[in-house]
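Reader: Hi, I've just opened this one. Can you walk me through it?

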Amino acid sequence: MRLVFLGAPGVGKGTQAKKIAARFEIPHISTGDILRKEIKEGSELGKKAGDFVKSGNLVPDDLIIDIIKKEILEPKAKNGFIFDGFPRTLQQAVNLDKMLSSLGIKLDKVINIIVDQKEIIKRLTSRRVCSLCNHTLSIRPEDNHKLCPVCNKGELLKRKDDEEAVIRKRLEVYEKQTSPLIKYYGQAGLISDIDGLGTEKAITDRILDIL
Ligand code: AMP
């Protein structure tokens, strides 16, 4: 199973991609997670990508394509993968097509999760991520979580790019640079729209129905 999860920031791509990947025992490849790890470690790639991520802009295509070239050749990706947050530009999508065809493989589906902008802003401003296990959750003002409810050890942190001004920038970048991919994959007959409102389980079930 080779899938792309498409959708604006905050629609729940990461949460759903993780679940579906676990279900099919294939790797969940999130370019955002990879970049955040590199930035945290202060690697060369992290240094090059840091300012783009912080400001809500896209990291240059060549850096992203190098990441994907490596991931796609990993033995664990042999039987499939889920790309979450990649491709994000037409250039990335065209490069992905080239990489896949040189390997003699094809995408099975592109899952396009849809949520309205007001809900996205609400979700992202209340999103917290565990500093240790990366668990992501939404907190309400009355919640008193200090530690991650999953690993009970990590601190719950707000991503720097989840500040409202940066969220608005990311949504603008999505509209301009990423949303044209809906047409691109639509013309290839690969896209399936998923309503991203509802419980986590309801949304997972909608995706499983399509797959
Ligand atoms: P995400 O976790 O998917 O929301 O990504 C966080 C940030 O990482 C984005 O706002 C971009 O700055 C960068 N990023 C992640 N994936 C890509 C990509 N495919 N192309 C360019 N930049 C990316």
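Author: Sure. Cys-130 is buried, with a relative accessible area of 3% (buried means under 20%, exposed over 50%, partly exposed in between, with a 1.4 Å probe and protein chains only). Keep in mind that this is a predicted model, where local features need pLDDT of at least 70, side-chain atom pairs count only at pLDDT 80 or more, and totals for chains, interfaces and linings use all residues. Residues are numbered from 1 along each chain as its sequence is written, and side-chain values use heavy atoms, with hydrogens and water left out.

Reader: OK, so how many disulfides does the structure hold?

Author: Zero, taking a disulfide as a pair of cysteine sulfur atoms within 2.5 Å.

Reader: Why no bond for Cys-130?

Author: Because the closest cysteine sulfur, in Cys-151, is 3.7 Å from the sulfur of Cys-130, too far for a bond.

Reader: And what about Cys-148, buried or exposed?

Author: Cys-148 is buried, at a relative accessible area of 0%. Cys-148 is in no disulfide either, and the nearest cysteine sulfur, in Cys-133, is 3.8 Å away.

Reader: Switching to the ligand: what does Thr-31 do with a nitrogen atom there?

Author: A polar side-chain atom of Thr-31 lies 2.8 Å from that ligand nitrogen, a polar contact (a pair of N or O atoms within 3.5 Å). For ligand oxygen atoms, polar side-chain atoms of Arg-36 come to 2.9 Å and of Arg-88 to 3.0 Å.

Reader: How much of the ligand's accessible area does the protein cover?

Author: 96% of the 480 Å² that the ligand has on its own, using the Shrake-Rupley method with a 1.4 Å probe.

Terms used:
A polar contact is a pair of N or O atoms within 3.5 Å; within protein, one must be able to donate a hydrogen and the other to accept it, and residues adjacent in sequence count only if both atoms are side-chain atoms.
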